[in-house]
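Trainee: I am new to this structure and would like to understand how its descriptions are justified. Could we go through the reasoning step by step?

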Amino acid sequence: MLPFSLKEYKKRLDQTKKSMQEKGIEVLIVTNPSNMNYLSGFNCWSFYVDQMLVVMVDEDQPIWIGRQMDANAAKATTWLYHENIIPYPEDYVQSKTKHPSEFAAQILTQIGQSNRSIGIEMNSYFFSIKSYECLKRNLPNATFSDASLLVNYVRIIKSDQEIEYMKKAAKIVEIGMQTAVNSIQEGVRECDAVGDIYRDLVRGTDDFGGDYPAIVPMLPSGRNTSTPHITWTDRKYTNNQMVIIEIAGCHQRYHAPLARTVSLGMPSEEALDVSKVVVEGLNAALDVVKPGVTCEEIEFAWSKIISQHGLVKESRVGYSVGLSYPPDWGEHTASIRKGDLTVLEPNMTFHLIPGLWFEDYGIEISETFRVTETGCEVLTNFPRELIIKDDTISTLII
C-alpha cells in the first residue's frame with residue numbers, strides 16, 4: 001500500500017535526522033499526521049486520539065505509538081517493522097485516570113531514550129498541553145525543545161513522485177470546479193451543489209481516484225463572499241448573487257487547491273473591474289516566479305498591480321501546499337507575503353490565492369503552481385476569469 005518507494009522514505013528520514021542534528025535534537029516526537037505520513041506512510045483517520053511517530057537520530061527506523069485499534073493500520077500502511085509498531089491499550093483512550101503520553105514515556109524509558117534531548121511539535125493541532133505535561137512529568141531527565149516545523153521544512157521541496165500526485169489532484173479539482181460551476185444556479189440549494197462537488201472530488205477520474213480534502217468546500221454566497229472561510233447552508237441560490245468556490249483535489253493525500261468566483265446574473269461594474277485586477281495581479285505574480293526569487297518578491301509583483309488601482313490586501317497572497325490532513329491543506333512553512341524571504345527552489349509548490357474581500361462582496365481567483373528550473377508551472381487548467389452565468393446569454397461568459 002506504500003505510495004512511495006522505500007528509498008524515498010529513507011531519504012526523507014535521513015533529511016529529518018540531519019535537521020535534528022543541526023538543532024541538537026536526539027529524539028523527535030512527531031504528532032502532525034501529515035508528518036507521520038511523510039516519514040512512515042501511516043494513513044488512517046486516527047488523529048482524533050493521541051498517536052506519535054518517534055524518530056531517534058541513531059536508529060534506522062522510527063517507532064509508531066498509537067491506539068491498539070489502529071495498530072493494524074500502521075502495519076498495513078507503513079514501511080516499519082512490526083516490532084516498531086507499539087500500541088497502547090484501549091483503556092488509555094479518553095481516560096480520566098491515565099494518558100497515552102504516560103504510556104509513550106514508559107516506552108521511551110524502556111528503550112533508553114529517557115535522558116535525551118527531545119524535540120516536540122509544540123504547535124501541532126494534535127499535541128495537547130496535557131500531552132506535554134505528561135511527557136515532562138514522566139521523563140524528568142529529558143530536555144525538551146520546540147521542533148514544530150522541522151519535518152514541514154523537509155517536506156517543502158517535493159520529489160518528482162510527489163509532483164505527479166499533485167498533478168493528478170489538479171486534474172481532479174478541475175473536474176470538481178466544473179461541477180461546481182454547473183451546479184450553482186438559481187433555485188439550487190447550496191448543500192446540493194456541495195454534494196455534487198464532493199461526489200466528483202472523491203470519484204476522481206477513470207484512471208485514478210480522489211480522496212477527502214483537508215479542508216471542506218468553501219462556498220460563501222451573496223454578502224458572505226466578503227469573508228473567505230464560510231462553508232454552505234441549505235439556502236437556495238438566487239439571481240444577481242456572487243458565489244466563491246474554493247476547493248481542492250486530493251490524491252494520495254496530496255492537494256491541488258483552486259478558487260474561482262461565479263456571478264449568477266451580470267455582476268456590478270465594480271465587481272467586474274475588481275475581478276480583472278485580481279487576474280492581472282495574479283498573472284503578474286506568476287510571471288516573476290523562478291528559482292532564486294523570494295516569496296516577498298512574488299507578493300510585491302501582486303501588490304504593485306493592485307495599488308495602481310487603489311486597492312490594498314492585508315493578508316498573505318499564498319502559501320506552500322502539498323501533503324496534508326484536516327484541518328488545513330497548507331504546509332505552514334513559506335508564505336507569499338511581505339517579509340518572507342524564503343528563496344524559491346525547483347519543486348516547491350504553492351497555492352497562490354490573491355483574493356480581495358470588501359464590506360459586501362469578495363472575489364477569489366487562485367492557482368496552484370510548482371517552481372520549475374526556469375520559472376513556474378501552473379498545475380490546474382481552468383478559465384482564469386470571473387465566471388458569469390446569465391439566463392439572457394446562451395453561454396457562460398468566461
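Mentor: Let us begin with a term: helices are DSSP runs of H or I with at least four residues, numbered from the N terminus. In this predicted model, Glu8 and Arg12 both lie in helix 1, residues 6-22, where they are four residues apart, about one turn of the helix.

Trainee: What makes the pair Glu8 and Arg12 a salt bridge?

Mentor: A salt bridge needs a side-chain nitrogen of Lys or Arg within 4 Å of a carboxyl oxygen of Asp or Glu; the closest N and O atoms of Glu8 and Arg12 are 2.9 Å apart, so the pair meets that definition.

Trainee: Why is Arg12 called buried?

Mentor: Buried means under 20% relative accessible area, and because Arg12 has 2% relative accessibility, Arg12 counts as buried. Glu8, with a relative accessible area of 16%, is buried by that rule as well.

Trainee: How do you know whether Arg384, the partner of Glu367 in a salt bridge, is buried, partly exposed or exposed?

Mentor: Partly exposed lies between the buried limit of 20% and the exposed limit of 50%, so Arg384, at 24% relative accessibility, counts as partly exposed. Glu367, by contrast, has a relative accessible area of 1% and is therefore buried.

Trainee: Why does the radius of gyration of the chain agree with that of a compact globule?

Mentor: For 398 residues a compact globule would have a radius of gyration near 21 Å, and the chain has 23 Å, which agrees.

How values were computed
Residues are numbered from 1 along each chain as its sequence is written. This is a predicted model: local features need pLDDT of at least 70, side-chain atom pairs count only at pLDDT 80 or more; totals for chains, interfaces and linings use all residues. Side-chain values use heavy atoms; hydrogens and water are left out. The radius of gyration is taken over C-alpha atoms; the globule rule is 2.2 Å times the number of residues to the power 0.38. Helices (H or I, at least four residues) and strands (E, at least two) are DSSP runs, numbered from the N terminus. Buried means under 20% relative accessible area, exposed over 50%, partly exposed in between (1.4 Å probe, protein chains only).
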